Amino acid sequence: MNWPEGIETRPIDKGDVEAWAELVAAKEQVDEDGENYSAEDLAEHLELPHLDLPRDTIGLWSGDRMVGYGIAHVKSAVVDVDRVNVEGTIHPEWRRRGLGTTLMSWLIQRAGELHTAKHPESPGQVGVGASSTNEGADRLLRGLGFEEERYFFDMRRPLDQPVPAAPVADGLQLRSYDTSYEDALRQAHFEAFSDHWGWTPPTTEAWRARNVGSRAFRGQQSYYVLDGDTVAAYANGYEWEADTEATGVRELYIGQVGTRRAYRGRGLARAALAKVLAKAAEAGYQRVALGVDADNPTGALGLYEGLGFVTHKKFISYQLPLG
């Protein structure tokens, strides 16, 4: 890549997380994506088991200041298309100098290498997301040949309003998470999401790192509908303390909601989510948020709206085919 004079590049490592946190904080002030991460959160991000840090990550530096970063994420399996998702940003003070285009070109190249190495038998594409209000990202991505593929809504619900009653049927019970449910929860999630767009089954290790093993996971604010030892439905809560520090609002984020196929149509996800809302309010949270695919096949958007969630922001998933 032809990087501008004065820009040095190297892989990201844990010694870079403080500078990286300053970069993403500057990005959030301008882009307002609703994502705030501490240095500890970012250090955990580097521990994701699928990442080859020397080859899948890049930091852009001007002296001792990180002014951009990029990461390419390969999937462990393919269902329909090998979607190599990428992420990254350029510091707002360094935008409109060609850095974003060069960074995305590097990410596209790395995505192609990962696709060829891991899943060459399947069609491949690069996937990247951006807020619908981020006109600069839209121009950059379209200029590189990306097209819109999917829409997602960021939804919020304040906790100063009553939570609707949502009982479960006799014989079923609502319980908060404990470690004995870990594998039952994983199996329920894998089944519930098997018909969702873009989902591919991660390894058990990768699933745990992003879910119950994450430092943001809140087991006391995660609830499951149990049928004996089977997790029939679930709602998992997460809290990023950096969000509270940046916004002044203590928010619980619902990272996953799902129902096993045999249990759908009985209001069980609604019951689990309503319980999470009630317990979050008791614990002092001020707001609950979640993200949903606009074309979710299970009617999740209607479920969330019925529980008082309203759309706060729209995100776009862009894709570029890999030749």
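In which sense do β4 and strand β5 pair, parallel or antiparallel? Keep that in mind while you look around; what you have open is a predicted model.

Start with the whole sheet. Colour the strands and you'll find twelve of them in one open sheet with mixed pairing. Going across, the order is β1-β2-β3-β4-β5-β12-β6-β11-β10-β9-β8-β7. Now pick out the edges: β1 (8-10) and β7 (173-176) each have a single partner strand, so one side of each has no neighbour in the sheet. Tilt your view a little and look at the twist: on average, neighbouring strands here are turned by 25° against each other, direction ignored.

Next, select β1 together with residues 57-62, which make up β2. These two run antiparallel and are joined by three bridges. Click on Arg10, and you'll see that its bridge partner in β2 is Gly59.

Move on to β3 (residues 65-73) and β4 (residues 82-90). This is another antiparallel pair, with six bridges between them. Find Gly68, then look opposite for Ile90 in β4.

Now back to the opening question. Select residues 124-131 to show β5: β4 and β5 pair in the parallel sense, over four bridges. Arg83 is the residue to click here, as it stands opposite Gln125 in β5. To see how the chain gets across from β4 to β5, follow it through helix α4 (residues 99-118); this β-α-β crossover is right-handed.

Last stop: select residues 268-282, helix α9. Helix α9 lies across β6, β7, β8, β9, β10 and β11, and runs at about 145° to β8 (217-227).

How values were computed:
Residues numbered from 1 in each chain as written. Predicted model: local features only at pLDDT ≥ 70, side-chain atom pairs only at ≥ 80, totals over all residues. Heavy atoms only, no water. Pairing = 2+ DSSP bridges. Axes fitted to C-alpha atoms, helices over the stretch in contact; angles between N-to-C directions. Contact = heavy atoms within 4.5 Å. Right-handed = clockwise from strand over helix to strand, strands pointing away.
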